[in-house]
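Hi,

Here is the structure I promised to pass on. Have a look at it first, and my notes on what turned up follow underneath.

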Amino acid sequence: MAATSGTDEPVSGELMSVAHALSLPAESYGNDPDIEMAWAMRAMQHAEVYYKLISSVDPQFLKLTKVDDQIYSEFRKNFETLRIDVLDPEELKSESAKEKWRPFCLKFNGIVEDFNYGTLLRLDCSQGYTEENTIFAPRIQFFAIEIARNREGYNKAVYISVQDKEGEKGVHNGGEKRADNGEEENTKNRGEKGADSGEEKKEGINRDKTDKGGEKEKEADKIINKSGEKAM
């Protein structure tokens, strides 16, 4: 999946590796449980990276392959009324559905790399990759539906939900920071006030001492004067 933004620049090195997340189609594994598990884990890695992609970038501007326009055009020409926001598994897995999907998928053999490799597909595009919300699908089917979801605005629900949560988290952290700063300011003010009070108290004591000293000097002068008078 050559995942890029509207400027055709890679979103990240990690996302560029999505095109190679699945190395073998599921049907080639037979019934070997170890290999099936390894394949399922690779499919899950692919799903996790794709979900991170539509959570961090507005999906309407994403480009998943070099032939997105062709895939979308062929998809809507063949499946004009297919509901894609919430998929009905019967529209993908029933025998009649498979007959309709098969020629569409084969058109991209040699055009889309690994077009028939097994991939995880969400049923409800507003939800994540949970066990209840996930089915296996050929890769070209995944591209067709997800490109349509991106262009028609359905995947934006995931992007908005994640961005809102990030925004709330930022506001919460900002509030805590402001509260901490407020407490620091109050503490500082209390400290300054305490220092001012201490200074005022000190000055009061000094003035009191000065006044008392002055009174003592006056009393001393009176005593001296009285002594002088007696001496005279």
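Let me start with R139, which counts as buried because its relative accessibility is just 1%, under the 20% cut-off. This is a predicted model, by the way, so keep that in mind throughout. R139 has a charged partner: D114 forms a salt bridge with it, and the closest N and O atoms are 3.3 Å apart. D114 is buried too, at 18% relative accessibility. The two sit 25 residues apart, with D114 in the loop between α5 and β1 and R139 in helix α6.

Altogether the structure holds ten salt bridges. Another one that ties distant parts of the chain together is R151 with D69, at 2.5 Å from N to O. Here R151 belongs to helix α6 and D69 to helix α3, 82 residues apart. How accessible is R151? It comes out as partly exposed, at 34% relative accessibility. D69 counts as exposed, since its relative accessible area of 54% is over 50%. R83 and D85 make a salt bridge as well, with 2.7 Å between the closest N and O atoms, and R83 is exposed at 52%. There is also a small network in which salt bridges with shared partners join E74, K77 and K107.

Now the inside. The largest nonpolar core has 36 residues, and F75, W101, F104 and I140 have the most contacts within it. Which elements supply at least two residues each? They are α2 (33-56), α3, α5, β1 (118-122), β2 (134-138) and α6. The largest share, seven residues, is from α6. If you want one residue to click on, try I140: leaving aside neighbours within four places in sequence, I140 touches I71, F104, C105, F108, V112 and F115.

Helix α3 (residues 68-78) is worth a look too. D68, I71, E74, F75 and R76 are its buried residues, and what covers them includes α5 (95-106) and α6 (139-151).

Finally, confidence. The chain averages a pLDDT of 75, and 57% of the residues score at least 70. Residues 6-24 stay under 50, though the model gives that stretch 43 contacts beyond four places in sequence. Residues 216-232 are also below 50, but they have zero contacts beyond near neighbours in sequence. Where pLDDT is low, the predicted coordinates shouldn't be read in detail.

Cheers

Terms used: Residues are numbered from 1 along each chain as its sequence is written. This is a predicted model: local features need pLDDT of at least 70, side-chain atom pairs count only at pLDDT 80 or more; totals for chains, interfaces and linings use all residues. Side-chain values use heavy atoms; hydrogens and water are left out. Buried means under 20% relative accessible area, exposed over 50%, partly exposed in between (1.4 Å probe, protein chains only). Helices (H or I, at least four residues) and strands (E, at least two) are DSSP runs, numbered from the N terminus. Contact means heavy atoms within 4.5 Å. pLDDT is the predictor's confidence in each residue, from 0 to 100. A nonpolar core is a set of buried Ala, Val, Leu, Ile, Met, Phe, Trp, Tyr and Cys residues joined through side-chain atoms within 4.5 Å. A salt bridge is a side-chain nitrogen of Lys or Arg within 4 Å of a carboxyl oxygen of Asp or Glu.
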